Amino acid sequence: LLGFSQGAVTAVDIGLNPPPKLGRLGGVVAVSSCLLEESVANADKINQEKLKKSGEEAPPPPMLVTHGTRDERIPVAKARASVSVLKKMVGGSTKSMEGTDLVTYREYEKKHQMVTSKQEADDLLRFFGKHLALRNLAMENDPDVVDLAKHPEILEQLQRNSEAKEALDKFNKHRK
């Protein structure tokens, strides 16, 4: 999920508090943004709630926060402070399921703008490559490929077969 400015505020909020039907996001990118004042004010309370639930749910998705050092709308100091609070808000979960830092912060020589430099674009591509599973849409549309989520009876049969179960477990672990 990627957002710019106010959209990034929303993206981070959804990443921290995903609707139940959405499931875990692969990652969140916030460009030229900061946290809402109420989030900053309630960071300790939010952190305590997250710590209480930490055994019940997966850690929040990895997040990449980028900001311009010459941003006139959101001063870079406010962005840095927001990232510090964001790291607190993820509580004891400072590492993603992949074992990397949950919150990564990068600054670029730019104003309040979307991605403008090759370096920032490369950082986004590296983040996507590291955290988002690749999909083969041509294969997904192949009539010989079966979506096991839509066919629980096939999934049940496969789970009874130990070799197939091992392959499914490996696939599901990689998918997360």
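# Briefing: a chain with an open four-stranded parallel sheet

The accessible surface of the chain amounts to about 11,600 Å², and 54% of that surface belongs to carbon and sulfur atoms. The model described here is a predicted one. Of the 176 residues in the chain, 34% count as buried, and among the contacts that join residues at least 6 apart in sequence, 73% are between residues at least 24 apart. The chain holds eight helices and four strands, which follow one another along the sequence in the pattern β-α-β-α-α-β-α-β-α-α-α-α.

**The sheet**

- The four strands form an open sheet in the order 1-2-3-4, and their pairing is parallel.
- Strand 1 (2-4) and strand 4 (103-108) each have a single partner strand and stand at the edges, so one side of each has no neighbour in the sheet.
- From one strand to the next, the twist averages 15°.
- Strand 1 pairs with strand 2 (residues 28-31) in the parallel sense over three bridges, and within this part of the sheet L2 is found opposite V29 of strand 2.
- Strand 2 and strand 3 are likewise paired in the parallel sense, over four bridges, with V31 standing opposite T66 of strand 3.
- Strand 3 and strand 4 are joined by six bridges, again in the parallel sense, and the bridge partner of L64 in strand 4 is T104.

**Strand 3 and its surroundings**

- Six of the six residues of strand 3 are buried, so the strand is largely enclosed by the rest of the structure.
- The side of strand 3 towards which M63, V65 and H67 point is opposite to that of L64, T66 and G68, and all of these residues are buried.
- T66, which lies in strand 3, has a relative accessible area of 0% and is therefore buried.
- Apart from its neighbours within four places in sequence, T66 is in contact with A30, V31 and S32, with R106 and Y108, and with E120 and L124; of these, V31 is also the residue that stands opposite T66 in the pairing of strand 2 with strand 3.

**Helices against the sheet**

- Helix 1 (residues 6-16) lies across strand 1, strand 2 and strand 3 (63-68), and runs at about 145° to strand 1.
- Helix 4 (residues 76-89) lies across strand 3 and strand 4, and runs at about 170° to strand 4.
- The 14 residues of helix 4 should span 20 Å at 1.5 Å a residue, and this agrees with its end C-alpha atoms, which are 20 Å apart.
- The buried residues in helix 4 include V76, A79, S82 and V83, together with V85, L86 and M89.

**Salt bridges**

- Five salt bridges are counted in the model, and three of the pairs, R70 with E109, K110 with E120 and D123 with R126, are described below.
- E109 and R70 form a salt bridge in which the closest N and O atoms are 2.8 Å apart; this pair links distant parts of the chain, since E109 is in the loop between strand 4 and helix 5 (118-131) while R70 is in the loop between strand 3 and helix 4, 39 residues apart.
- Within that pair, E109 has a relative accessible area of 58% and is exposed, whereas R70, at 42% relative accessibility, counts as partly exposed.
- K110 and E120 meet through their side chains in a salt bridge of 3.0 Å, N to O; K110 lies in the loop between strand 4 and helix 5 and E120 in helix 5, so the pair ties together parts that are 10 residues apart in sequence.
- Both K110 and E120 are buried, and E120 is also among the residues in contact with T66.
- The side chains of R126 and D123 form a salt bridge at 2.4 Å, N to O, and both residues lie in helix 5, three residues apart, which is about one turn of the helix.
- D123, the acidic member of this pair, is buried, with a relative accessible area of 10%.

Technical notes: Residues are numbered from 1 along each chain as its sequence is written. This is a predicted model: local features need pLDDT of at least 70, side-chain atom pairs count only at pLDDT 80 or more; totals for chains, interfaces and linings use all residues. Side-chain values use heavy atoms; hydrogens and water are left out. Helices (H or I, at least four residues) and strands (E, at least two) are DSSP runs, numbered from the N terminus. Buried means under 20% relative accessible area, exposed over 50%, partly exposed in between (1.4 Å probe, protein chains only). Contact means heavy atoms within 4.5 Å. Accessible areas come from the Shrake-Rupley method with a 1.4 Å probe; for residues, only the protein chains shown count as cover. Two strands pair if DSSP finds at least two bridges between them. Axes are lines fitted to C-alpha atoms, for helices over the stretch in contact, and angles run from 0 to 180 degrees between N-to-C directions. The expected span of a helix is 1.5 Å times one less than its number of residues. A salt bridge is a side-chain nitrogen of Lys or Arg within 4 Å of a carboxyl oxygen of Asp or Glu.
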